Amino acid sequence: MQLTTPEVKTYDTVFPGETWFLYWRTSPSLWESKLREYQGATPIFIPLYWGLHSEHPDQFDFGTYRPETDLKRLYAAVRASGKEAVFILPLVPAPFLPNGGIPSYVAKNIIISDDGLGCSVVDNEGRLNKLFSFYDPRVFQSFRKFVWNVGQYFSQAGITLELYGADFGYLDKGIFSSYFKDRSVAFEQGFHRYLKQVEENEPESYERLKTDFFFEEVLKSRYADMIKDLYFQSAKESIPANWSGDLKMAFLGGCPDDIFARSSDMWEYHGDFFDPLFSVVVNNIIPVSTLLSPSMRKPILLRALKDVVSHSFLLSKLDNSIYDEDLQVSFRPLVYFDLYLKDNDSRSSELISKGGIKYFFDREYHWMYRLNFKPFKFEGGEEDHHKINYFFGSLLDKEGFNEMLKLFLNGGRIFLDISGLSTDLDNKLNVFLTENDIAVEKINYLTPILKAQIGEGKLITFDNDKLAINNTMKKVGFWQTMIKYLELRHLDLQVDEGVYYFWKHRVSNTYELDYEEIRRVSLYNPTSYKKKVHIVSSKNFAFLKSVDEQNVNVKSTPIGIDVELLPGGAVSLDFGYFE
Amino acid sequence: MRNNLHLNLLYNFVEKKDSHENSVSFYKVLNLFSDVGPVAQSTLDQVFQKFSQENYFEGMCFKSLDELGSFAVEVCTDLSAPEIFILSAQDYNIGLDSCNDVRSFKEVFRRYGTCVENPESGSRKKNIFDKFFN
């Protein structure tokens with residue numbers, strides 16, 4: 001059985017990527033027709049361009065002087081088009097706008113990276129957008145005035161469209177980094193003022209600075225979070241009627257280091273955007289492709305974007321509970337592993353690398369693991385039976401440790417790295433196991449391992465430091481054995497180099513009651529060569545159908561599925577999973 | 001990597017405290033690339049081995065600009081690149097300030113960097129085909 005979908009529409013500068021509608025790029029008289037013609041996923045994202053609405057200090061234009069700033073008219077066009085749309089208010093520099101979206105009269109201090117480089121991003125038309133520091137007090141004061149005026153205007157004009165604050169960023173070595181991050185003079189001056197406050201209010205922290213060199217970075221993170229929160233709160237309080245929450249969005253090609261590749265036609269390659277795209281999606285962040293030039297927007301990349309940035313994906317990010325039923329029957333990314341780390345903690349990156357966990361996942365479960373930077377909180381409910389959770393003792397406090405134990409008692413499957421676990425928590429773990437009369441098994445395999453089980457719950461402790469001294473292949477072997485022990489049900493994929501794949505799953509519907517759930521793997525070949533993929537048969541999976549075949553040959557054999565992908569080929573394969 | 005393309009090296013001057021709380025300063029290579037992409041890590045590692053550094057920090061660090069320059073020339077020679085443009089982060093930021101698009105950005109290394117020619121490229125014997133193909 002084969003299904004097909006309509007061709008992806010050609011490039012339109014007003015809709016430069018996915019659902020983004022840049023209203024200032026066309027005449028207001030065309031807004032309604034443009035919105036009507038739009039056929040992609042909804043809701044449509046309409047970013048508010050601060051610099052457009054405020055060209056001079058203390059002067060705000062919402063249609064008084066220039067028609068393209070008339071948000072009331074835009075709102076009317078949205079309603080008339082019948083399309084679902086939301087406003088996006090950038091709370092950090094916006095890389096697709098000149099000066100990062102801020103008015104030129106406050107664009108004074110360019111953002112500086114940890115390496116001392118100015119932050120500039122190439123947009124879809126080859127322009128260099130320099131991003132300016134949000135730590136400059138003048139920027140914050142102007143921002144407050146702007147959002148207050150937006151709030152007043154929305155209220156007077158009767159604009160009821162939902163508004164989301166946006167934290168824009170990019171993936172840096174697989175980890176989300178916000179454009180708010182900065183080491184410019186403006187940041188350093190602000191931090192200096194903050195340190196004076198710390199000296200007065202927390203003398204013990206100030207003293208620690210003198211002895212603990214790394215503590216300065218901790219305080220810098222704290223200061224950055226505090227200032228970021230000021231922007232969030234200011235927007236939320238100024239536009240309360242429309243405020244619906246905040247969103248994290250990552251720009252493909254938006255990493256400041258990408259400027260070198262993206263300024264050379266011989267270097268930039270559309271295949272390089274698949275990895276960040278899938279990594280962003282599994283990490284619950286909305287990917288944005290508005291920075292990519294038309295030459296990079298190859299049909300194969302657009303197809304991948306369309307496959308992952310779907311209506312249900314966007315709704316799930318908007319956190320709207322009325323859509324829950326829709327979400328149940330829609331495909332969502334299949335994530336097996338949740339790793340709990342700590343935001344702005346430089347140890348996080350080292351912890352997932354030294355024991356070979358990241359290498360193993362990238363090799364065998366690519367784009368199926370999620371890095372969580374918010375503290376873990378057990379929220380009850382039925383535990384996802386696929387999920388395996390990783391905790392790192394050195395990052396756990398007492399509260400986090402208790403939440404982890406709750407998860408274990410409720411059937412969670414957990415790996416706990418005990419290197420760096422405090423003596424208190426180590427004792428607590430031992431007491432917990434003894435008091436609850438939980439049988440434990442201790443073995444030695446590259447590292448001391450303790451296995452504990454209660455009902456469906458499994459807890460395995462290991463020592464990341466001891467694992468780290470082994471060679472890469474031994475570490476891979478270790479994790480293979482551990483995952484096998486947990487009986488993870490997964491289809492083995494053998495793919496040629498250069499082919500990208502992405503797994504999704506959904507619950508089975510009334511016609512698919514033989515299966516517990518449906519899994520879909522989408523395969524993409526962005527290269528100019530013919531590539532092969534083999535999916536090994538497994539007793540818990542039944543091949544159902546191929547969807548949206550494009551330059552591919554799919555052959556089902558007793559030992560598995562053979563897929564031949566011609567250049568630019570793509571296909572999605574559905575499997576029914578049963579116990 | 002094609003060997004007829006020039007290279008660009010971007011570095012930064014770093015002052016830090018080491019694990020013994022002593023202040024140290026060095027020049028750190030941030031990026032080394034040509035128009036077709038970054039220089040392969042294996043090439044960089046191979047050349048870097050020749051420079052005996054007390055390298056406390058991650059990445060390629062040099063005690064002096066002379067050493068950094070020698071490293072750049074070695075890479076250039078190894079890849080048979082005609083020249084290498086060496087640019088500091090400070091000069092990069094000055095150059096960036098004057099850029100508005102990709103075209104002007106591509107000139108930053110040439111305009112603001114220090115050009116070091118590959119000493120071996122000048123001595124190469126020329127033949128009639130060089131006139132057409134180089």
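Here are some notes on the predicted model, going from chain A as a whole to its strands and then to its contact with chain B.

1. Bear in mind throughout that this is a predicted model. Chain A carries 18 helices and 23 strands, so you'll meet both kinds of element as you scroll through chain A.

2. On overall dimensions, the C-alpha atoms of chain A fit a box of roughly 75 × 70 × 45 Å along the principal axes. The radius of gyration of chain A is 25 Å, which agrees with the value near 25 Å for a compact globule of 579 residues.

3. How much of chain A is buried? Buried residues account for 38% of its 579 residues; to count as buried, a residue needs 20 or more other C-beta atoms within 10 Å of its own. As for sequence separation, take the contacts in chain A between residues at least 6 apart: 75% of them link residues at least 24 apart.

4. One sheet to look up in chain A is an open one of seven strands, with mixed pairing and the order β12-β11-β13-β14-β17-β16-β15. The edges are β12 (369-372) and β15 (440-445); each has a single partner strand, so one side of each has no neighbour in the sheet. On average, neighbouring strands here are turned by 20 degrees against each other, ignoring direction.

5. Inside that order, β13 and β14 sit next to each other. Strand β13 (residues 388-392) and strand β14 (residues 413-417) of chain A pair in the parallel sense, with four bridges. If you want a pair to click on, Y390(A) has F415(A) in β14(A) as its bridge partner.

6. Further along chain A, β22 (residues 541-557) and β23 (residues 560-577) run antiparallel and are joined by 13 bridges. What links the two strands? A hairpin does, taking two residues to get from β22(A) to β23(A). One of the bridge pairs is S556(A) with I561(A), the latter in β23(A). When you look at side chains on strands, remember that in a regular strand they alternate between the two faces of the sheet.

7. Now for the contact between the chains: chain A puts in 16 residues and chain B 19. Which elements give two or more residues to the chain A side? They are β4 (120-122) and α8 (258-262) of chain A. By residue type, the chain A side that touches chain B splits into eight nonpolar, six polar and two charged.

Note on methods: Residues numbered from 1 in each chain as written. Chains lettered and ligands numbered in written order. Predicted model: local features only at pLDDT ≥ 70, side-chain atom pairs only at ≥ 80, totals over all residues. Pairing = 2+ DSSP bridges. Axes fitted to C-alpha atoms, helices over the stretch in contact; angles between N-to-C directions. Contact = placed C-beta atoms within 7 Å. Nonpolar A, V, L, I, M, F, W, Y, C, P; charged D, E, K, R; others polar. Rg over C-alpha atoms; globule rule 2.2 N^0.38 Å. Buried ≥ 20, exposed ≤ 12 C-beta atoms within 10 Å, placed from the backbone.
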